Amino acid sequence: MVNRGASQLKNYARIIGTGGYLPEKVLTNADLEQMVDTTDEWITKRTGIKKRHIADTGQTACDLAEMASRNALKAAQISPSDIDLIIVATTTPDRIFPSTACLLQQKLGVSGSAAFDIQAVCTGFIYALSVAEKFIRTGSAHTALVVGTETLSRIIDWQDRTTCVLFGDGAGAVVLQSSEDLGVISTHLHADGNYQQLLTVSAGISENYHKLREEGAFIQMQGSEVFRVAVRTLERIVEETLVANNMDKGEIDWLIPHQANIRIIEATAKKLNLPMERVVVTVDSHGNTSAASVPLALDIAVRDGRVKRGDTLFLEAFGGGFTWGSALLKY
Ligand code: COA
């Protein structure tokens with residue numbers, strides 16, 4: 001599905017604030033060496049990851065989302081009551097229902113706005129951004145809070161070295177607002193359910209995770225096959241996005257990729273002819289935080305001054321489903 005309507009309508013959806021939150025506890029590769037048969041060298045070489053953050057036992061995906069959202073609202077200089085749409089992308093919701101978006105709305109001390117979750121695993125934030133953008137473009141919403149939040153540590157088998165070294169917890173958020181200035185330029189969403197078995201969890205919620213652990217409902221992944229499809233698919237979406245906008249590679253200022261593996265990121269950067277200095281990389285210190293990884297990376301690059309107003313950003317993600325997507329935007 002391709003949305004390329006921004007140029008035909010006056011209402012653009014523009015990011016007016018970003019926020020992130022990472023739990024305090026850090027799990028290093030050295031820590032993992034004590035838990036499974038692995039080495040810092042293997043993890044670094046194969047994935048680029050050095051450490052990741054892990055939520056406290058009492059912290060849920062919604063708690064992380066609240067912190068990231070408050071940071072984004074502060075950066076946007078608006079209050080929760082200014083929000084008329086909340087979309088939360090998460091693979092690890094607090095409960096089956098109410099949605100994490102409703103729980104977040106309550107935590108932010110407001111009510112009445114539309115609030116719902118989106119589940120597209122690691123592509124969740126791109127899906128959420130795309131949906132929020134459509135609400136704004138059509139005039140159905142003026143100011144949207146779009147969040148990616150995950151407590152993947154709850155669904156990780158800490159004895160499975162092939163997966164437990166890869167993931168981390170965290171949340172990222174953006175405030176998207178109706179604007180006459182160019183913001184989101186186009187978004188591109190895809191899925192292929194034929195790949196469901198390559199990367200899957202048979203059940204799962206974040207709040208009562210100990211029950212899931214007893215049932216053994218963990219992330220299972222056929223890593224090298226996922227890797228191959230991810231690289232191929234992300235290369236295709238680079239092409240699709242550039243062609244849809246009649247844009248040259250040279251016009252992209254920053255690649256803000258999903259943070260699963262440094263080698264996948266490098267392959268996408270190469271496809272875009274972008275040097276790694278123009279790629280925002282957090283995988284080394286966050287691991288793969290699924291739906292949280294793109295907004296977290298964006299927030300970091302905004303706050304450290306790399307991403308500036310007017311820059312053209314290429315956001316992309318690939319995840320379970322499989323799902324994949326991209327968003328091209330002017331920051
Ligand atoms: N420590 C040490 N050795 C490990 C290990 C670990 N943590 N995990 C796996 N290995 C071993 C394997 O058992 C295998 O050993 P063998 O050859 O004796 O069987 C060997 O390392 C190579 O495994 P392989 O799976 O082929 O490695 P890889 O280069 O494909 O890297 C991943 C594995 C998971 C890092 C990589 O495939 C990947 O990143 N996949 C995609 C991840 C992704 O994008 N996921 C989510 C999408 S959101």
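I began with the elements around the ligand: α2 (40-47), α6 (161-164), α8 (223-244), α9 (262-271) and β13 (312-319) each supply at least two residues of its shell, where helices (H or I, at least four residues) and strands (E, at least two) are DSSP runs numbered from the N terminus. I noted that α8 gives the most to this shell, with 4 residues.

The model is predicted, so I kept in mind that local features need pLDDT of at least 70 and side-chain atom pairs pLDDT 80 or more, while totals for chains, interfaces and linings use all residues. Residues are numbered from 1 along each chain as its sequence is written, and side-chain values use heavy atoms, with hydrogens and water left out.

I then listed the shell itself: 24 residues surround the ligand, the closest being T38, R46, R161, G223 and N261, with nearness taken as a heavy atom within 4 Å. By class I found 11 nonpolar, 9 polar and 4 charged residues, counting Ala, Val, Leu, Ile, Met, Phe, Trp, Tyr, Cys and Pro as nonpolar, Asp, Glu, Lys and Arg as charged, and the others, Gly among them, as polar.

Next I looked up polar contacts (N or O atom pairs within 3.5 Å). A ligand nitrogen lies 2.8 Å from a polar backbone atom of R161, a ligand nitrogen lies 2.9 Å from a polar backbone atom of G223, and a ligand oxygen is 3.3 Å from an N or O atom in the W42 side chain. Taken alone the ligand exposes 960 Å², of which the protein buries 73%, with areas from the Shrake-Rupley method and a 1.4 Å probe.

Terms used
Polar contact = N/O pair within 3.5 Å; in protein donor to acceptor, adjacent residues only side chain to side chain.
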